[in-house]
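Q: Before we start, please put the structure in front of us. I would like to learn how to read its features one by one.

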Amino acid sequence: MKKTYPVTLFGIIIFLFVMGYRTVEKEPSLTFIDNPELVTISPSADWQGTPVDQQGRFTNLYHPFESGFGDLLKWQMGKNPQKEAKRSEQRRLSVEFDSLALYGEEDYLLWLGHSTYLMQINGKVFLTDPLLLDNTFLKRESPLPFPLEKLPALDYLLISHNHRDHLDAKSLKYLFEKNSGMKILTGLGIGEIIGSWGDNLEIQEAGWYQQYLLQDIGVEITYVPSRHWSRRGLLDQNKSLWGGFFIKNGSYSVYFMGDSGHGPHFQDISNTLGAPDYCLMGVGAFRPEWFMAQAHISPTDAIEAFNMMGGKYFIPMHFGTFDLSDEPRMEPWDLLVEKRDNINGLLLEPILGKNLLR
C-alpha cells in the first residue's frame with residue numbers, strides 16, 4: 001500500500017483488504033485438484049494437478065511463503081530511501097490512442113494501464129484484469145487512453161487472481177452490466193467471489209495448465225502458474241487460485257504473467273506451451289525487494305524470466321498507473337531501458353492505447 005499512510009491499525013487494515021496479506025506457510029501435506037471439465041496440458045509425466053494443503057489453501061509450486069505480519073510492520077515503519085525521488089517524480093505513462101486499431105477488424109493489443117490489456121484476436125475481444133474505475137484506495141496516476149464508454153463489446157474477460165488491483169468489484173459490475181454475453185475465464189475459486197456481482201454469469205475456473213473450453217474461434221487459452229498468493233478478507237487466505245494466461249491463435253502467442261515472483265515456473269511454462277511471442281511482464285510494485293520479491297518480480301528478474309521463456313517481444317506492465325510500493329512511478333521502465341542489451345528479444349514501450357502487435 002502507499003508509504004504515505006500512517007502506521008496505524010487503520011493503515012494495516014487498508015493494506016490487508018487492498019493488497020491481501022501473506023503469512024508464514026509451513027511445509028504442507030498436499031492434495032491436488034483441477035476442473036474435471038477442462039483438459040490439462042501436463043508439464044511433466046508426474047504432474048498431479050494444482051496443489052492444495054490440508055486447510056484447503058492453494059500453494060505455490062516451488063516457493064512456500066516466508067513472510068509474516070512482522071515483515072509488513074517492518075516495511076510500514078521503515079524509511080523509504082527513495083521517498084524524495086518518488087515525491088518529485090513528475091512523469092506519467094505516454095498515451096497514444098490508436099482508434100483505427102480499436103474499431104477495425106485486424107488484431108490488436110492495447111495497454112489500458114496496470115495489468116489491463118484489451119485484445120482483439122481472430123475477431124474476438126478480450127480484456128485482462130480490469131481496473132477501470134477509481135475506488136476508495138486506488139486512484140489512477142495515468143489516464144485511460146480513451147473514455148470508458150468507448151470500450152468495445154467484450155467477448156471474454158480474463159481474471160488472473162483475486163487481489164483488488166486485478167479483481168475490482170466496481171469495474172467488473174460495470175462490465176457485467178454492459179456485456180451480457182461475456183464469458184469469464186479465471187482460476188479455481190474466483191467464481192465464488194464474483195458470482196453474485198452480475199446476472200447469469202458464464203464463468204470457467206481452471207487449475208494450472210488447464211485449457212479453457214472455447215467456442216470454435218481458433219484461439220487456445222491455458223491458465224498457467226505464477227508465484228503469488230491470494231486474499232480479499234480476513235478468512236480467505238489462498239482459498240482462490242492465482243496465475244497467468246497463455247494465449248495461442250496459430251499465428252502468434254501471448255503470455256500474460258499476472259502477478260508473480262521469480263521462479264522455475266517460467267521455464268516450465270515455456271517448455272510446456274512453447275516460447276511465447278508477446279510477453280506481458282509485470283515489473284512494478286517491486287520495492288522494497290526484500291518484502292515484495294515473493295509476489296512481484298523486479299525489472300531485472302523479469303528480463304531473466306523473459307529470456308528463460310525465449311520470448312520475442314517484452315512488454316512491461318504493472319507500473320505507472322497506481323501507487324502500490326516504494327519505487328518512483330517510472331523507475332521500472334528506466335531500469336528496463338538501462339538493461340535493454342540484456343534482453344534476448346525486443347523491448348516494446350507500452351504506450352497507453354497504442355497497438356503493440358508487430
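**Reading the model**

A: One open sheet has eight strands with mixed pairing, in the order S2-S10-S11-S12-S13-S14-S15-S16. Its edge strands are S2 (39-40) and S16 (346-347), and each of these pairs on one side only. Two strands pair if DSSP finds at least two bridges between them. The names come from DSSP runs numbered from the N terminus: helices are H or I with at least four residues, and strands are E with at least two. This is a predicted model, where local features need pLDDT of at least 70, side-chain atom pairs count only at pLDDT 80 or more, and totals for chains, interfaces and linings use all residues. Residues are numbered from 1 along each chain as its sequence is written, and side-chain values use heavy atoms, with hydrogens and water left out.

Q: What does the chain average in pLDDT?
A: pLDDT is the predictor's confidence in each residue, from 0 to 100. The chain averages 90, and 89% of the residues score at least 70. Among the elements, helix H1 (residues 9-19) has the lowest mean, 41, and strand S11 (residues 220-224) the highest, 99. Over residues 1-25 the pLDDT is below 50; beyond near neighbours in sequence, this stretch has 70 contacts in the model. Contact means heavy atoms within 4.5 Å.

Q: In which sense do S11 and S12 pair?
A: S11 and S12 (residues 244-248) are antiparallel and share five bridges. Val-224 has Gly-244 in S12 as its bridge partner.

Q: Which strands stand at the edges of the sheet with S4 and S5 in its order?
A: That open sheet has six strands, ordered S4-S5-S6-S7-S8-S9, with mixed pairing. S4 (108-113) and S9 (202-206) are at the edges with a single partner strand each, so one side of each is left without a neighbour in the sheet. Strand S8 (residues 183-187) runs parallel to S9, joined by five bridges. Leu-185 has Gln-204 in S9 as its bridge partner.

Q: How are two packed helices described?
A: They are described by the angle between their axes and the distance between the axes. Axes are lines fitted to C-alpha atoms, for helices over the stretch in contact, and angles run from 0 to 180 degrees between N-to-C directions. Here the axes of H7 (residues 265-273) and H9 (residues 299-309) come within 8 Å and cross at roughly 25°. That makes H7 roughly parallel to H9, a label for angles under 35 degrees.

Q: Which residues of H7 and H9 meet?
A: Phe-266, Gln-267, Ile-269 and Ser-270 in H7 meet Ala-305, Met-308 and Met-309 in H9. H9 also lies across S13 (253-256), S14 and S15 (313-317), at about 155° to S14.

Q: Where is the place of Pro-288?
A: Most residues other than glycine have a negative phi, and most peptide bonds are trans. Pro-288 is in the loop between S14 (278-282) and H8 (289-292). A cis peptide bond joins Arg-287 and Pro-288, with omega about 0°. Ala-285 lies in the loop between S14 and H8, and has a positive phi of about 55° although it is not a glycine.

Key
Angles under 35 degrees count as roughly parallel, over 145 as roughly antiparallel, 65 to 115 as roughly perpendicular and the rest as oblique.
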